[in-house]
Amino acid sequence: MEDRKALLKPQRTVLLRTGPKPKIDSDPHPADQHVGRQIATVRVQSDVSQAQLARSIGISFQQLQKYENARNRVSASMLYEIASSLGVPVGRFFAGLPGNGETRVEARTLPVDERLDFIASAEGRRLIEGLVNLPPRVRGRVSSLIAALGEELALPDIKADSETAGEAAPAECKTG
């Protein structure tokens with residue numbers, strides 16, 4: 001009886017991989033990066049936090065972060081839900097995406113704008129909220145101060161570059 005059961009039992013075919021595992025591309029596609037940045041941009045412009053948007057579309061804020069950072073691809077239905085929640089057309093997330101009429105080989109890589117990443121961060125959001133709450137005159141002065149600090153911090157780099165090239169370092173000037 002045991003021999004009969006063994007004969008009637010279907011045999012499973014085992015596929016053995018003979019070569020190396022196929023490499024899965026770990027870098028997100030430039031289009032996914034672009035769409036993620038656009039989601040973050042529209043969300044920030046709409047004054048909506050990641051937690052608020054995530055809650056409104058029924059996902060965790062961590063999942064939304066993954067969409068915005070292009071670690072996870074956004075499905076068409078989820079993109080539709082995000083657009084509906086933010087009150088924008090779905091096409092808004094594709095604005096500025098190169099590729100209309102371009103072949104895959106000709107398509108250029110999209111630039112990564114660090115400013116958008118900063119604006120979408122918690123630190124950037126707090127800074128913007130603080131600046132918006134300032135009177136316009138004070139906000140202008142703070143903006144000038146930040147620009148002056150940036151220039152001042154860039155001076156050591158200029159000095160180091162010119163010294164390594166054998167040039168004299170530029171004379172320091174006072175900003176008024």
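Here a colleague asks a modeller how the labels on this predicted model are justified.

Modeller: Residues are numbered from 1 along each chain as its sequence is written. The model is predicted, with local features needing pLDDT of at least 70, side-chain atom pairs counting only at pLDDT 80 or more and totals for chains, interfaces and linings using all residues, while side-chain values use heavy atoms and leave out hydrogens and water.

Colleague: What makes R73 and D32 a salt bridge?

Modeller: The term asks for a side-chain nitrogen of Lys or Arg within 4 Å of a carboxyl oxygen of Asp or Glu. For R73 and D32 the closest N and O atoms are 2.7 Å apart, so the pair qualifies. R73 sits in the loop between α4 and α5 and D32 in helix α2, 41 residues apart. Helices here are DSSP runs (H or I, at least four residues), and strands are E runs of at least two, numbered from the N terminus.

Colleague: Why is R73 called exposed?

Modeller: Exposed means over 50% relative accessible area, buried under 20%, and partly exposed in between (1.4 Å probe, protein chains only). R73 has 63% relative accessibility, so the label is exposed.

Colleague: How many salt bridges does a search of the whole structure find?

Modeller: Two. Besides the R73 pair, R43 and E68 meet with N to O at 2.6 Å, joining helix α2 to helix α4 across 25 residues. Both R43 and E68 are buried.

Colleague: Why is α2 called oblique to α4?

Modeller: Their axes come within 7 Å and cross at roughly 120°. Axes are lines fitted to C-alpha atoms, for helices over the stretch in contact, with angles from 0 to 180 degrees between N-to-C directions. Under 35 degrees is roughly parallel, over 145 roughly antiparallel, 65 to 115 roughly perpendicular, and the rest oblique. The crossing is therefore oblique. G36, R37, I39, A40 and R43 of α2 meet L64, Y67 and E68 of α4, a contact being heavy atoms within 4.5 Å.

Colleague: What makes up the largest nonpolar core?

Modeller: A nonpolar core is a set of buried Ala, Val, Leu, Ile, Met, Phe, Trp, Tyr and Cys residues joined through side-chain atoms within 4.5 Å. This one has 16 residues, and I39, L53, I59, L64, I82, L86 and F93 have the most contacts inside it. Helices α2, α3, α4 and α5 each supply at least two residues, with the largest share, five, from α5. Among the residues I39 touches are L64, I82, L86 and F93.

Methods. Lists of a residue's contacts leave out its neighbours within four places in sequence.
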